[in-house]
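Colleague: Could you take me through this model one step at a time, with the reasoning behind each answer?

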Amino acid sequence: MRIGIDLDGVVIDSETTFRTYEEIFDIDILKGNHLIHKEEPKFQARYNWTEEQEKEFIEKYFLRISKESNLMSGFKRVYHLLKEQGHEFVVITARGGYIEEMKNDAIRLLEENAIKFDQYYWKVKDKVEICKKEKIEIMIDDDWRIIKNLVENQVRTLYFRDTNLVKLEESKYLKEVNNWGDIYQVIKES
């Protein structure tokens, strides 16, 4: 099976680290609580920050968050099992779009853990286009907006949903998963 895979929030636990630093920035630096949509995955939609505040957060924390993040629990074991069974992985990620060094840091983390994907797409804005081009049989992502777009374009998708994010209705093209054990089960059943 040809599997499309996002990095942040799926392979790398950066989304949890992001949320931690978002709260620190919002409370300690901005001296308030500007949280407006807890169910949103990206800080631009989660907080009522100005463009200048968003830019300050990016400059102050993005690379730091990247360096502090680790692989998601269970990922490494399931990845190696699926590779041994002949599955292919294509990384389709927006990582590197804000700060180029974040791409390099992801590569470092993957290399340190002996993870080598079959193909990489960095700084991606349209995941549907790449999924179709690469004949992806199942895409794994954690951003509900991207997932809705994938599903509307009939790309079979696993929604790696953190507990506080928007809930989507499952369908022929959408299944919710919460950990790498769930992902392993779905792929084995396919």
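**Salt bridges and a helix crossing**

Modeller: At 41% relative accessibility, Asp118 counts as partly exposed. Please keep in mind that this is a predicted model.

Colleague: With which residue does Asp118 form a salt bridge?

Modeller: Asp118 lies in the loop between helix 5 (100–112) and strand 3 (119–121), and its partner is in helix 4 (residues 75–84), so the pair ties together parts that are 35 residues apart in sequence. The partner, at 26% relative accessibility, counts as partly exposed. The closest N and O atoms of the pair are 2.8 Å apart, and the residue that bonds with Asp118 in this salt bridge is Lys83.

Colleague: Is Arg161, which forms a salt bridge with Glu176, buried or exposed?

Modeller: Arg161 is in the loop between strand 5 (157–160) and strand 6 (174–177), while Glu176 is in strand 6, 15 residues apart from it. The cut-off for buried is under 20% relative accessible area. Because Arg161 has 13% relative accessibility, Arg161 counts as buried.

Colleague: How are the axes of helix 1 and helix 3 placed to each other, parallel, antiparallel, perpendicular or oblique?

Modeller: The axes of helix 1 (residues 14–29) and helix 3 (residues 51–68) come within 10 Å and cross at roughly 140°. Angles over 145 degrees would count as roughly antiparallel, and 65 to 115 as roughly perpendicular. Helix 1 and helix 3 are therefore oblique.

Colleague: Which residue in helix 1 forms a salt bridge with Arg46?

Modeller: Arg46 is in helix 2 (residues 43–46), and its partner in helix 1 is 24 residues apart from it. Both residues are buried. The closest N and O atoms are 3.2 Å apart, and the partner is Glu22.

Note on methods
Residues numbered from 1 in each chain as written. Predicted model: local features only at pLDDT ≥ 70, side-chain atom pairs only at ≥ 80, totals over all residues. Heavy atoms only, no water. Axes fitted to C-alpha atoms, helices over the stretch in contact; angles between N-to-C directions. Helix = DSSP H or I, 4+ residues; strand = E, 2+ residues; numbered from the N terminus. Parallel < 35°, antiparallel > 145°, perpendicular 65-115°, else oblique. Salt bridge = Lys/Arg side-chain N within 4 Å of Asp/Glu carboxyl O. Buried < 20%, exposed > 50% of the residue type's maximum accessible area, 1.4 Å probe, protein only.
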